[in-house]
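Biologist: Could you walk me through this one? I'd like to learn how to read it.

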Amino acid sequence: MFDAQFMALPGITPQEYSYLQTATNGLNEQQVRTFLMIYSGKRKNPSDMLLFCVIGLCLVPGLQRFIIGQIGMGILYLFTAGLCFIGSIVDIINHKELAFEHNQKMVFESLQMTRMGSFQ
């Protein structure tokens, strides 16, 4: 029903697509629009996450962790040069998982905001 709206998200993976379909099951059309408006502003594109990881490796260790809201890990990476570059390299390899985990949290937050807004 709302497949075209989900596919409009840049860099959406099949895993994220199926997660969004499951999460928004039972919402009406207006709620899905509201959800997508909130979620699209909070989600991270996996290709953008790769860029943040490369910048985190070369210039600002931990940038990718700050971007996804893991402030403690970002500070740790910053002071340990990306855990001696090993952590930053692992993040480059796992950039899709970093983006997906962040996006899962943002789906939950966006759903909560959508549901709270529908009661007003």
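Modeller: Let's go from the overall fold to one helix and then a surface patch. This is a predicted model, where local features need pLDDT of at least 70, side-chain atom pairs count only at pLDDT 80 or more, and totals for chains, interfaces and linings use all residues. Residues are numbered from 1 along each chain as its sequence is written, and side-chain values use heavy atoms, leaving out hydrogens and water.

Biologist: How many helices and strands does the chain have?

Modeller: Helices (H or I, at least four residues) and strands (E, at least two) are DSSP runs, numbered from the N terminus. Here there are nine helices and zero strands.

Biologist: What share of the 120 residues is buried?

Modeller: Buried means under 20% relative accessible area, exposed over 50%, and partly exposed in between (1.4 Å probe, protein chains only). In this chain, 37% of the residues are buried.

Biologist: Which residues of helix α8 are buried?

Modeller: An α-helix has 3.6 residues a turn, so residues three or four places apart point the same way. In α8 (residues 86–93), the buried ones are Gly 87, Ser 88 and Asp 91. They sit on the same side of α8 because they cover an arc of only 100° around the axis (the arc of the directions from the helix axis to the C-beta atoms). Ile 86 and Ile 93, on the other side of α8, are exposed.

Biologist: And helix α6: is Ile 71 buried or exposed?

Modeller: In between: Ile 71, in α6 (residues 71–79), is partly exposed, with a relative accessible area of 44%.
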